[in-house]
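Student: I'd like to take a close look at one part of this model and see how its surroundings fit together. Could you walk me through it?

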Amino acid sequence: MWQFVKKSIQFLYSLYAFFVFFSTGIITLLYYVIISPLPNNKRLRAVYAFNRVWMKTWGYLTGFIFEINDHDHIQRDEVYVIMANHVNILDIFTMASHIQHPFMPLAKKEVYRIPILGQLVALNAIPVDRSSPESRAESMRNMVQKMEDGTSILIFPEGTRNRSGKPLKKFYDGGFRLAIESQKPLIPTIILNTRNLQPVKSVFLRPGRIRVDFLSPIPTKGLTQDDLPAFKERVRKLMYEHIVKEDKSFKDFSPSETD
């Protein structure tokens, strides 16, 4: 009986949380359209300033608290490749509202199919179809161009949500290739506790605290594509160890295990 009551409460709460998101998302989408004629970086600053208010309001109404640590690592006049771990949709909400300078995420085509969210992402992201070599090459060219224009890039290097029982999946090469080609710093970013607020095998949400740790930027000046494997392993090991140390979901994992 208690399990039935618990599931019913979770269902009703999740329905409410998504309703608040999507209903306020319509207003946000209208705002995005209104400011779309602005120059790209000015428009992105306006987008994410609005997103911070939007997500703070959504969190207040639904019981989500965002804790952001070491944001001072991100300099407003610098361009970065920002890499974050990815567990569920809460990661997207969090990163879209807590980076304080112009950036564009790399978004897989599946996200564009989600009502409202897909349209919101389409106005501010670089699309990619990971199954198409042509699409991956085009997205790389787009990202390089955006970085040359002063826009940072957000990438989830695992490619898809991590539904495994491990702290991280294997990383794709693309983000590391971009960082080396652009010679711009890479910021490893750790999103904690979203796995507890939306378990891997559940669509239900739970209210709680979402924590984001921006680690120190890693310079890429002087690196070449020959350095990519070692560079990727260095970043993954750093992120892996931080997750094992800080996320209670992985307290039984050894920090030295990286596979």
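Student: Which strands and helices do the buried residues of H6 pack against?

Tutor: Happy to, and please keep in mind that this is a predicted model. Helix H6 covers residues 174-182, and its buried residues are Gly175, Phe176, Leu178, Ala179 and Ile180. These residues pack against three strands, E2 (81-84), E5 (152-155) and E6 (186-192), and against two helices, H5 (133-148) and H8 (228-246). Just after H6 comes glutamine 183, with a positive phi of about 60°.

Let's place those strands. They belong to an open sheet of seven strands with mixed pairing, in the order E1-E7-E6-E2-E5-E3-E4. The edges are taken by E1 (64-69) and E4 (126-128); each has a single partner strand, so one side of each is left without a neighbour in the sheet. From one strand to the next, the twist averages 20°.

Now for E5. E2 and E5 run parallel and are joined by three bridges. Within this pairing, valine 81 stands opposite isoleucine 153, and isoleucine 82 stands opposite leucine 154. E5 also pairs with strand E3 (residues 103-108), again in the parallel sense and over three bridges. Here methionine 104 is the residue opposite isoleucine 153. In a regular strand, side chains alternate between the two faces of the sheet. In E5 both faces are covered, with Ser152 and Leu154 buried on one side and Ile153 and Ile155 buried on the other.

H8, another partner of H6, lies across E2, E6 and strand E7 (208-214), and runs at about 25° to E6.

H6 also helps to line an open space. The second largest pocket has a volume of about 240 Å³. It is lined by 16 residues, of which Arg130, Arg136, Met140, Gly174 and Gly175 are the closest to its centre. H5 and H6 each supply at least two residues of this lining, and the largest share, five residues, comes from H5. By class, the lining of this pocket divides into nine nonpolar, three polar and four charged residues. Gly175 therefore has two roles in our picture, as one of the buried residues of H6 and as one of the residues closest to the centre of this pocket.E5 and E6 also bring us to enclosed spaces. The largest cavity holds about 440 Å³ of space. Of the 30 residues that line this cavity, the closest to its centre are Ile92, Ala96, Pro105, Ala107 and Val121. E5 gives two or more residues to this lining, as do H1, helix H2 (40-62), H3, E3 and helix H4 (117-122). The lining of the largest cavity has 23 nonpolar, five polar and two charged residues. The second largest cavity holds about 80 Å³, and among the residues that line it are Ile191, Leu192 and Asn193. E6 and helix H7 (194-197) are the elements that give two or more residues to the lining of this second cavity.

Definitions and conventions. Residues numbered from 1 in each chain as written. Predicted model: local features only at pLDDT ≥ 70, side-chain atom pairs only at ≥ 80, totals over all residues. Heavy atoms only, no water. Buried < 20%, exposed > 50% of the residue type's maximum accessible area, 1.4 Å probe, protein only. Helix = DSSP H or I, 4+ residues; strand = E, 2+ residues; numbered from the N terminus. Contact = heavy atoms within 4.5 Å. Pairing = 2+ DSSP bridges. Axes fitted to C-alpha atoms, helices over the stretch in contact; angles between N-to-C directions. 1 Å grid on protein atoms, 1.4 Å probe; cavity = no way out; pocket = protein on both sides within 12 Å on 5 of 7 lines; lining within 4 Å. Points joined across faces, edges and corners; volume = space filled by probe spheres on them. Nonpolar A, V, L, I, M, F, W, Y, C, P; charged D, E, K, R; others polar.
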